[in-house]
Every structure is written in C-alpha cells, then in structure tokens.
Amino acid sequence: MNDEINNMTHPMLEQASSIRRNDEPKKSSSGRTASSGISDLPLSEWREFEEILTDSLWLIGDRDRSGVHNAGYHGNFVPQIPYQLMRRYTRPGDIVIDPFLGSGTTMLEAQRLGRNCIGVELLPEMAEHSERYVQLQGINEEVHTEIIVGDSSCVDVQNSVLVSLESMGRTQAQLVIMHPPYHDIIPFSDDQRDLSNAPTVNDFVTKFGDIVEGFSEMLEPKHYLAIVIGDKYVNSELIPLGFHLMSETLMRGNNLSLKSIIVKNMVNNRAKRNLENLWRYRALAGGFYVFRHEYILLFKKVK
Ligand SMILES: C[S@@+](CC[C@H](N)C(=O)[O-])C[C@H]1O[C@@H](n2cnc3c(N)ncnc32)[C@H](O)[C@@H]1O
C-alpha cells in the first residue's frame, strides 16, 4: 500500500476526500495481509490496534508505569513516546538508535518490544543508570542493547555506533529517536559538550545539526527519524527551538523529508501542578501562554 500522503488526507477536506478514499485495507496480490512495510502492524487488522496513534495531536494521559522505568530523571520523556514510534516504524529485531539516551526510556521500551537498541549518553552516571535498569528489566537473549558514553556530535562516538551496528549484523538502523536538551531549560551537567551548555541558541542548533547529520547517515532509507523537543522563553520572548531544529534537520539531515509535526501535551508532575495557579497569574499578567505542549518532529529518509 502506498503510504504517501497528499492534501486529500486533511480532515478539513473530509468531504472531498470521501470521493476518492478507499479506507478498506488492501490485500497484496498473493492475498496476504499488507503491512506498511516497515512495521509488523497488519493493515488488514487496522481496526484492532486502537492504541496506535495516527492523529497529529497526542493527548497522552499519565506516564505508563508498566515497565521498570524510573520517572525520577528530570527531563525524561514518557515511555508512550518511544512505544508509539517503535510500533509504527519498526519490526521486532530492528535497531533503534537514541543519541540522547538519558535514563534509558527508549532502550527499555525497545527491550520490551523486542527491538535492538544503541544509546549514546554524555553522562557516565546516566549511562550506568540505564544499564542497571536494562539488566533489572531482564535480559532478553534475542535483544541486543549497547550504551556508548560520549558526545553524540563527536565523529569518534558516531564511529563507535557504526561498529556497534556492525556487531549486531547491520550497517544501518531502522529508527532514530532524538530527545535532546531543550537548550538550557534543564542544565544536565557542567560539561561543555552537553547541549544544555551551548552558549547561544545558534550554537545549540548547530551542534544538534552535527548530530542529526551523523545519525541520519546511519538510518536505512525509507525509515524514520523523530525529534522530541519543546520551545522556551527568554526575556519574555518565545524562542521556537522546535522550528529551529526542524529547519536545521531539513538542511543538514541526509535525504530527510518532513513527514509529520506532532503536538504532544505535556504531562505535568505533581510539583508542577502545584505551581499552575502561579503560572496562570504570570501568563495573564505577561500576555503569554503557558507551554502545555511539545513537538515530535517526524522525518522520513527518502533515499
Ligand atoms: C532530554 S534528556 C533525554 C531523556 C531521555 N529521553 C529519557 O527519557 O531519559 C537529554 C540527555 O542528553 C544528554 N546529552 C546532552 N548533550 C549530549 C551530547 N552532546 N551527547 C550525548 N548526550 C548528550 C543529557 O545528559 C541528557 O541525559
């Protein structure tokens, strides 16, 4: 089935699209169930997997607590994000790379879903944390995981990822998930190589570009790269980090085309919920809106 989209898929054009739309799943000429090709979701059973999101607005409720994930790392994402991306864009046995592994959310979900995973993390203590949780979750002999400690923008580190891919019997990965710092919103360390310590927004965007360039090279054509990012305010001015990273990625990524801009709600922890009234007051006084969303920018490597 052709997975390309055109303007006819816009809900605003629902009426027009119904003239041409054939929303019943197609079977291949052999009569076998068609899948989207890069996932193992059988399209003939598309009504069955209601948990797979297809809208560009992701309203995710509470954090999924069914795995061993530790929600304590300030700046982690909810497991539902890598879960959704892996279910749609990979098959069991595929390789997922996360160049900003943090507390290992991507790797733990990969392990649960039978996907192999290579993670890079600058901070040794976080790499150790992730390794501990991977072990705690249990070793699935079928699943290979490797954590590389270092700066993802460094060519030597990128070469180590290539070596790791080869050790898993592949030369390219089937999904890259990137969840960088939102510039200096959360300072992760004092290390100058840490993206949260980039002196300016331009430096942050350029260094991120180095990472996207290196890692998109390792992505198999027709496969996906996702960036999870939020914006920030500086001196009452909104700095659209998401849009900056999107245009940098389109400029520097290897054959990446923009597939979707997903808006995801922010799930606040209890401490933040207590501050809600204060932020509401500040927003009313300052003439701005309190961030309640972040982006998942989705790119496909076209060749
Ligand atoms: C937003 S957090 C990622 C959180 C992760 N998704 C999770 O759920 O735990 C960003 C991570 O990137 C790491 N980081 C910052 N600069 C880096 C760099 N140049 N190379 C590799 N990791 C880096 C930080 O130490 C931090 O752990």
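**Cysteines and helix contacts**

Trainee: Let's start with Cys 117: does this residue count as buried or exposed?

Mentor: The model is a predicted one, and in it Cys 117 has a relative accessibility of 0%. Buried means under 20% relative accessible area. Cys 117 therefore counts as buried.

Trainee: And Cys 154, which class does its relative accessible area of 30% give?

Mentor: Good one to work through. Buried would need a value under 20%, and exposed a value over 50%. Cys 154 has a relative accessible area of 30%, so its class is partly exposed.

Trainee: How many disulfides are there?

Mentor: The rule asks for a pair of cysteine sulfur atoms within 2.5 Å. By this rule, the number of disulfides is zero.

Trainee: Let's move on to the helices. How are α2 and α3 oriented to each other?

Mentor: Helix α2 covers residues 80-89 and helix α3 covers residues 105-113; their axes are 9 Å apart and the packing angle is about 45 degrees. That angle makes the arrangement of α2 to α3 oblique.

Trainee: Which residues of α3 make the contact with α2?

Mentor: The crossing of these two helices, α2 and α3, is right-handed. From α2 come Pro 82, Tyr 83, Met 86 and Arg 87, and they meet, in α3, Thr 105, Thr 106, Glu 109, Ala 110 and Leu 113.

Trainee: How do the residues of the contact of α2 with α3 divide?

Mentor: Happily, the split is short to state. There are two charged residues, two polar ones and, for the nonpolar class, five.

Trainee: Glu 109 caught my eye. Which residues is Glu 109 in contact with, leaving aside neighbours within four places in sequence?

Mentor: Glu 109 lies in helix α3, and with 1% relative accessibility it counts as buried. Once those sequence neighbours are set aside, its contacts are His 69, Pro 79, Pro 82, Tyr 83 and Met 86.

Trainee: At what angle do the axes of α6 and α7 cross?

Mentor: Helix α6 spans residues 201-217 and helix α7 spans residues 241-252. The crossing is right-handed, and the two helices are oblique to each other. Their axes come within 9 Å, and the angle is roughly 40 degrees.

Trainee: Which residues of α7 does α6 meet?

Mentor: On the α6 side, the residues include Val 201, Phe 204, Phe 208 and Val 212. Their partners in α7 are Leu 241, His 244, Leu 245, Glu 248, Thr 249 and Arg 252.

Trainee: Last one: which residue follows α9?

Mentor: Helix α9, residues 276-286, is hardly covered, as one of its eleven residues is buried. Just after α9 comes a residue with a positive phi, near 75 degrees: Gly 287.

Note on methods. Residues numbered from 1 in each chain as written. Predicted model: local features only at pLDDT ≥ 70, side-chain atom pairs only at ≥ 80, totals over all residues. Heavy atoms only, no water. Axes fitted to C-alpha atoms, helices over the stretch in contact; angles between N-to-C directions. Helix = DSSP H or I, 4+ residues; strand = E, 2+ residues; numbered from the N terminus. Parallel < 35°, antiparallel > 145°, perpendicular 65-115°, else oblique. Left-handed = near helix turned anticlockwise from the far one by under 90°. Contact = heavy atoms within 4.5 Å. Buried < 20%, exposed > 50% of the residue type's maximum accessible area, 1.4 Å probe, protein only. Nonpolar A, V, L, I, M, F, W, Y, C, P; charged D, E, K, R; others polar.
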